[in-house]
Amino acid sequence: MHGRAQGHPGRSYLPSSPRLPQLTVQMTDSATLPTVYIETYGCQMNVSDSELMLGKLAASGYQPVDKPDGADVILVNTCAVRDHAEQRVIGRLGELKRHMNPNTVVGVTGCMAQRLGPQLLEQARHVSLVIGPDGYRALPELLAGARHGQRSVVVEFDSEEHYEDFQPRRTAGVKAWIPVQRGCDYRCTYCIVPYTRGPERSRKLDDVVREVRAVVADGISEVVLLGQTVNSYTDGEHDFADLLRAMGRVDGLRRVRFTSPHPNDFSDRVIAAMAEVPNVCGHVHLPMQSGSSRTLKRMLRRYSREEYLDCVRRMREAMPALSFTTDIIVGFPGETEEDFAETLSAVSEVGFDDAYTFKFSLRDGTPATRLPAELTVPDEVAGERLQRLIHLVRDGARQRNMGIIGRHDEVLVEKVSRRGELLQTRTRDFKTVLVPGDESLIGQYLDVQLTGTTGSTFTGAVIQRRRPLPLAG
């Protein structure tokens, strides 16, 4: 189990800056509730945390709004995985000044808040609150203090916190993000997550099932189980295989996805549950990070190239049509051209449908900062490798996608596409299909035939316009 991140205070209340006005919110009647706007960066767990905060504040008398202009509370929920993400947030905090009214309270929440703590109050004088991922329970009280000039930092880890009594204000449309695990006990040398989200802890299986049944009763038929290493889930009595089988017993739950798993935690029990539970979708996002055993060892990923490929093999033996996506880092310290060639060959061997690809970004506070400087890969070398990797992933995906044109699929209509005249839908194996139709079809299941592909996205023709949704149990 991890302790508190070094250099981060547990809870501190800083004196009000004389440059800040006294902050008050006028509430004259029920029609003038204070408004709150939350802007979210980063992973699905951050999206889920924003939904928790919106729900907590709505229950405390705040009105969520979808624009920052004149909002009484502006919260920026942040990511700390890469330096670029943090710099983007710093710039955005400056931009948000023009949306403030004289009484607006601005807060920074999430992983970047946890990592930087009081530094954020020094960098952005208009920010009143800095709250890490385990501090959202105190949000209404902290906002009340901020309205009277109190600037606060809350970055204490809480090994018992799962926000079970919160009612999320869901924003994801046709699917529900369901956190089943918080924190991480792996210590990959490049990763800041153990220091920003604390030790791994899992919710009780019964609590997860109760939440899933509630969202199904509200008309949502797809859930995504969330955890930093979601398949290492254990509540002391049940493992991830038990959780998947419990999802299969929820009446009306049509699709189950999960992210992000760790290759080490795909036991035979978990793979069997994936194959045998009908509503578990045929797609796994399986972070590889590198195809070189040498590089994986320096990353402290705790598996070799051969073990990763064996994990893929075992899953495909149980589920031949399973599709894979992944995360890959290039330019990790010490990566040679031979190491990178092994990554390319692993990508070809697995046949990923897509990949999130990154140049290595050194994060303060991670073990990678202690690697010898002479191992640093020049930025131009890393950039050139990244482009080769992207081309390989895209070319492979395009060839495979061309081969399935004409296939019939069930899709869930998620939203209106950016092009406007089409709908964006998703197959069970996570392929994006654009089909004609209007927004009345959002949330419905359709039978489609894949008619074309741009390489990554498909077009489809609707065969059956509506499939009846199962009734919730």
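Me: In β14 of this predicted model, what is the bridge partner of His285?
Reply: Thr325 is the partner of His285 in β14.

Me: What makes β13 and β14 count as a pair?
Reply: Pairing takes at least two bridges between two strands. Three bridges join β13 to β14, residues 323-330. The condition is therefore met. The two strands run parallel.

Me: Which order do the strands of this open sheet have?
Reply: The order is β13-β14-β15, three strands with parallel pairing. β13 (283-285) and β15 (354-359) are the edge strands, and each pairs on one side only. Neighbouring strands are turned by 10° against each other on average, direction ignored.

Me: Which helix packs on this sheet, and which strands does it touch?
Reply: Helix α13, residues 379-402, touches β14 and β15. Touching here requires heavy atoms within 4.5 Å. The direction of α13 makes about 175° with that of β15. Angles run from 0 to 180 degrees between N-to-C directions, so about 175° lies toward the upper end of that range.

Me: What order does the open sheet with β8 have?
Reply: β8-β11-β12, three strands with parallel pairing.

Me: Why is one side of β8 and of β12 left without a neighbour in the sheet?
Reply: β8 (175-179) and β12 (255-259) stand at the edges. Each has a single partner strand, so one side stays without a neighbour. From one strand to the next, the twist averages 25°.

Me: How do you know that β8 pairs with β11?
Reply: At least two bridges are needed. Five bridges join β8 to β11, residues 222-226, so they pair. These strands run parallel. Among the partners, Pro179 has Leu226 in β11.

Definitions and conventions: Residues numbered from 1 in each chain as written. Predicted model: local features only at pLDDT ≥ 70, side-chain atom pairs only at ≥ 80, totals over all residues. Heavy atoms only, no water. Helix = DSSP H or I, 4+ residues; strand = E, 2+ residues; numbered from the N terminus.
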